[in-house]
Amino acid sequence: MTIETLIDKIKSYHPTTDEALIRRAYHAASVAHEGQKRNSGEPYIIHPLHVAYILAELQMDDATICAGLLHDVLEDTEFTKDDMITTFGEEITTLVDGVTKLKQLQSKSKVENQVDNYRKMVMAMANDIRVIIVKLADRLHNLRTLDYKDREKQIEKATETIEIYVPIAHRLGISTIKSELEDLCLKFLDPDAYYEVSRLVNKRIDERKAFIHEIIQELSEELDKLNMKFEISGRPKTLYSIYKKMYQQNKSFDQIFDVSAIRVIVDTVKDCYSVLGVVHTLWKPIPRRFKDYIAMPKANMYQSLHTTLIGPGGETFEVQIRTYEMHQTAEYGIAAHWSYKEGKSKRSSFDEKLTWVRQLMEWQKTTTDSSEYMETLKGDFFSDEVYVFSPQGDVVELARGSTPVDFAYRIHSDVGNHCVGAKVNGRLVPLDHVLENGVIVEILTSKNSAGPSRDWLKFVKTPSTKQKIRQYFKHAKRDENIEMGRDMIVQDLKKDGVPPNEAMTEEALQNVIARMSFSSPNDLFAAVGFGSQTVGSVTSKLKELFEEKREKEAEKNREKESDKAALHVPTQQKGPTAGDDTIRIRGEGVTNLQVKFAQCCTPVPGDKIVGYITMGRGISVHRADCVNILNTQNPERLIEVEWDQTENTKFFSTITIRAANKTGYMASVVELMTKQDVNMSGIQAHTDPEGNTTTIVLTLEIEDANQVQELMRKIRQLQNTISVYRTKS
Ligand code: MN
């Protein structure tokens, strides 16, 4: 490896590279590292040269290559930051400085050190992703030459790499670096397994090569007929991926399907599907092994079609099909977006890069349903972000201008609701303190906190925080109002010498709420507490009932004496509620009783529920975790109930689908619903002004939440689906 090898490599993808600049960087680094040696005994400059070469393989721009050449001089030599700014300018210096800062973290304890490492990585990423790319190249070359270090150092470096650098390379989609790092780590961390896997792979290598060759031959002949441009190559599986399947999934080498794999690269997405068609006519595909990562890219933007087939002699192999552009992203990930591209305007590529980082950040945080997540956080994401850390080292991304309160609610609503103070980098700060990039935020909570303050709404930044605080007030205020209302009634009764215990019996309360058209005593209390219902209007009725009861008792006593028949006065009853027509409840002796769903907790099918036998108004069904149930004074009235799954009960659910605007898509959705035997009670569709995407809003008659999830999963699998989420009413 010489500077000439490097320059040739760069020129292969960037003919107009600033050769003089690269040579100057090389020269400066050579002079600065003069006399220093690597553990291998070679002159030190060989290391930065290799790092720069790795960066050239990723087709990086001139500034990044220079940063690769100079990456160790600030830390290890006399060359200063000021020297560098004078000689190479701000851009290169910032990159080198970023890489240097990533290194200065050796003092603390092991665990702390790694969390810190990770933080710094992410921070640097937020500033300039190229810093991370240089760092990854540096680490790759260090691992390639790890043989020269002692065993202890090897294990330490390899462990750090597999725990910190490999996940970062993976998230950034730089699979070339990720795969090589993984194989190298395996060699140092589990040498026995490494050599065993290599032995197995090599054992039948000639056989496998012949097999792949045959497949490629056959496929090429068919594809030639299609008159399209394509490239086919055999693709070796990495040792690490085979190791993982063997050792972590406990499979034998023979059980691993796709040890043999080929890759087809074409010009357009349309061609990808044409190739897939040809592949599936030539060989029999294995069911459920087809994956369309074109329609549904992976979190790190990876796109391809994958299918596993049964080849000649019954041997299985995998085919990956993708466009050249997808291939760039698959191999180099985010680096592909920073690479030098001829004739590309700076502005547009900058925007593209920003979008990339954003998407990455969003996807990074979510595992299952990215589209749903994106919808909820839309408001938060289109402003600039800051990245802060929890004391455990988790990265939390917030809108610029966010406060500790935003942070607290992002962690969990409970943390927000009980937040009483905050520390930033260990120091107490006011709750409206604006958080800066990179700080560690610790939230102080108290179980006895009075809850959020309305004043918080004036300074919190993100829409979701505001929404959560408002939600709190809606609920918490209700609890407060119930408490206050009940108290006001008790006091008013006492004032008139009426014993509250006797006047506020369940029976009396049910009677009053029926007459005043409330659905639960709590609703009544809340209304009184809130002031929409006067205390007097309630207590007058309670007093009346109390007097009546007294009267009756007195009369009973008289009746006993006079032996007269009593006159039966039926009590007023409220009619059945809407709920009892739509959902049946199963429980001992429930059949003939009127069933109604409690309004305090509105249970839906799937929730754990419990019945409460009211006085004369049937059974009221609550969620098992409803506070009113947990605090009931009359536990003897609780009965076990459950959702009656045998009845075909339905409820409505609305889902929104975004899809590429392709003919036949709507038909495929409708067909799917018909197949699944799902009634659609509403369907609306509109296409965006550019005609690229279609939004379909479906209202479905659904049995339970699981069914909705299942349908959404099926819709996601339809070709051209972009996103599916449940519309929140
Ligand atoms: Mn280095």
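Strand β2 (residues 261-266) runs parallel to β6, and six bridges join the two. Within this pairing, Val 266 stands opposite Thr 323 of β6. The model is a predicted one.

On β6, a further pairing involves strand β5 (residues 305-310), which is antiparallel to β6 over six bridges. Here Thr 308 stands opposite Glu 318 of β6. The two strands β5 and β6 make a hairpin, with five residues between them. In the turn, Gly 313 has a positive phi of about 75°.

Strand β6 is mostly covered, and eight of its eight residues are buried. Coverage extends to both faces of the strand. One side carries Thr 316, Glu 318, Gln 320 and Arg 322, all buried. The other side carries Phe 317, Val 319, Ile 321 and Thr 323, likewise all buried.

Phe 317 also belongs to the aromatic contacts. The structure holds five aromatic pairs. One of them is formed by Trp 283 and Phe 317. This pair is edge-to-face, at 5.2 Å centre to centre and with 90° between the planes. It links distant parts of the chain, with 34 residues separating the partners. Trp 283 lies in the loop between α14 (269-282) and β3 (284-285), whereas Phe 317 lies in strand β6 (residues 316-323). Both Trp 283 and Phe 317 are buried. The rings of Tyr 293 and Tyr 302 have planes at 70° and centres 5.9 Å apart; because pairs over 60 degrees count as edge-to-face, this pair is edge-to-face as well. Tyr 293 has a relative accessible area of 18%, so it is buried. Tyr 302 is buried too, at 13%. Phe 211 joins Trp 283 and Phe 317 in one aromatic cluster. Another ring contact involves a charged residue: Arg 38 lies over the face of Tyr 44, at 5.8 Å from the ring centre.

The metal site comes next. A manganese ion is coordinated by His 47 and His 71 through NE2, and by Asp 72 and Asp 138 through OD. The coordination distances are 2.1 to 2.5 Å. Along the sequence, the donor residues follow the spacing H-x23-H-D-x65-D. His 47 and His 71 link distant parts of the chain, 24 residues apart. His 47 sits in helix α3 (residues 46-57). His 71 sits in the loop between α4 (62-70) and α5 (73-76). Both His 47 and His 71 are buried.

Cysteines were examined next. The structure holds zero disulfides. Cys 185 has a relative accessible area of 0% and is therefore buried. Cys 272, at 0% relative accessibility, also counts as buried.

A final set of values concerns Thr 94, placed in helix α6 (residues 81-103). Its relative accessible area is 47%, so Thr 94 is partly exposed. The side chain of Thr 94 reaches the backbone oxygen of Glu 90 at 2.6 Å. Thr 94 and Asp 128 are 34 residues apart in sequence. In space, the C-alpha to C-alpha distance between Thr 94 and Asp 128 is 9.0 Å.

Definitions and conventions. Residues numbered from 1 in each chain as written. Predicted model: local features only at pLDDT ≥ 70, side-chain atom pairs only at ≥ 80, totals over all residues. Heavy atoms only, no water. Phe/Tyr/Trp six-rings, centres within 6.5 Å; stacked < 30°, edge-to-face > 60°. Helix = DSSP H or I, 4+ residues; strand = E, 2+ residues; numbered from the N terminus. Buried < 20%, exposed > 50% of the residue type's maximum accessible area, 1.4 Å probe, protein only. Lys NZ or Arg CZ within 6 Å of the ring centre and 35° of its normal. Donors = N, O, S within 2.8 Å, 3.2 Å for Na, K, Ca; no water. Pairing = 2+ DSSP bridges. Disulfide = S-S within 2.5 Å. Polar contact = N/O pair within 3.5 Å; in protein donor to acceptor, adjacent residues only side chain to side chain.
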